[in-house]
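Subject: Structure handover

Hello,

Here is the structure I said I would pass on. Please look through it with the notes below, which cover the sheet, the helices and the core.

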Amino acid sequence: MPGFRLTKYNPSLRAENGAYSRVEWTSISDVGTAYASGTFTHEEYLTVEAAYLETIRGFMAAANVESLRVCSLETDSDALHSEAVRKVAPHIHSLREGTIVSGIQVDEIARLNLRELLWCRLAGDHEFHVHFGYDYYMYIGTSLPGFMLPALPPLMFAEPVESPYLLEEEL
C-alpha cells in the first residue's frame, strides 16, 4: 500500500542507514531546551505542529476522505478529562474506539497524538490511514488508485515509507 513518512526532518540530513544526523527536538517536552540553532520555543513548536495538521488535511483532501475512524486508542480514561487535554481538544468529550471524526476533531486528535497525550491510529475510506510514531514521525497512506502526493506546507518533508504501525489486516 503506498505510504509516506511525513516529518519535519529534512531527508538530505539522513545517513546511509537512515539515521537522522542532526540533534533537534522530538517532542513538545523539549520546549525550553537549548540546541545548536538556539533555545526551542513554544511558538516554534506550534508552527511545526500546524504544518503537521495542514499536511493531514491536504492528504485527506487529495484522497477525497472527509472523516476518519479512531482505531487502537491508547489512553487513560481519566487523561481524556484532564485540563491539558481540554486545552488542546475542547471538542473531544467522550473519545472512544471507533469514534468517527472530521474537521476540527481530526486536528484535535492529531494534536493529542503529537503532544503525547494519547495514541491512536486514524483510518478512512480507501484504506486511508494516519499513524503517529515516536520522535514526531507521522505516516499517511491510502490504496486509492492514482493517488497523487499533495503539496506540502513549508517545514514538512515526505518520504515513500510504509507505516510501521499498519496492522496485518490492513496490508
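A residue is called buried here when its relative accessible area is under 20%. By that cut-off, 5 of the 6 residues of strand S6 are buried, so S6 is largely enclosed by the rest of the structure. Please keep in mind that this is a predicted model.

The sheet

S6 belongs to an open sheet of 7 strands, ordered S5-S4-S6-S7-S8-S1-S9 and paired antiparallel. Strand S5 (100-102) and strand S9 (157-160) are the edges, each pairing on one side only. From one strand to the next, the twist averages 30°.

On one side, S6 pairs with S4 over 4 bridges in the antiparallel sense; within that pair, Cys71 has Arg121 of S6 as its bridge partner. On the other side, S6 pairs with S7, again antiparallel, over 3 bridges. Here Gly124 is bridged to Phe128 in S7. S6 and S7 form a hairpin with 3 residues between them. In the turn, His126 has a positive phi of about 60°.

Towards the S9 edge, 4 bridges join S1 to S9, and the two run antiparallel. One residue to look up there is Arg5, whose bridge partner in S9 is Glu159.

The helices

Helix H1 lies across S1, S4, S7 and S8, and runs at about 10° to S8. Helix H3 also packs on the sheet, where it touches S4, S5, S6 and S7. The direction of H3 makes about 100° with that of S5.

The core

The largest nonpolar core has 44 residues. Those that touch the most other members are Ile56, Leu68, Phe128, Val130 and Met138. Phe128 is also the bridge partner of Gly124 mentioned above. The elements giving two or more residues to this core are:

- the helices H1 (42-62), H2 (83-88) and H3 (104-114)
- the strands S1 (3-7), S4 (67-74), S6 (119-124), S7 (128-132) and S8 (138-141)

H1 supplies the largest share, 8 residues.

Which residues is Ile56 in contact with, leaving aside its neighbours within four places in sequence? They are Val106, Ala110, Val130, Phe132, Met138 and Ile140. Two of the names in that list, Val130 and Met138, also appear among the core residues that touch the most other members.

Regards

Methods. Residues numbered from 1 in each chain as written. Predicted model: local features only at pLDDT ≥ 70, side-chain atom pairs only at ≥ 80, totals over all residues. Heavy atoms only, no water. Core = buried A, V, L, I, M, F, W, Y, C linked by side-chain atoms within 4.5 Å. Buried < 20%, exposed > 50% of the residue type's maximum accessible area, 1.4 Å probe, protein only. Contact = heavy atoms within 4.5 Å. Pairing = 2+ DSSP bridges. Axes fitted to C-alpha atoms, helices over the stretch in contact; angles between N-to-C directions.
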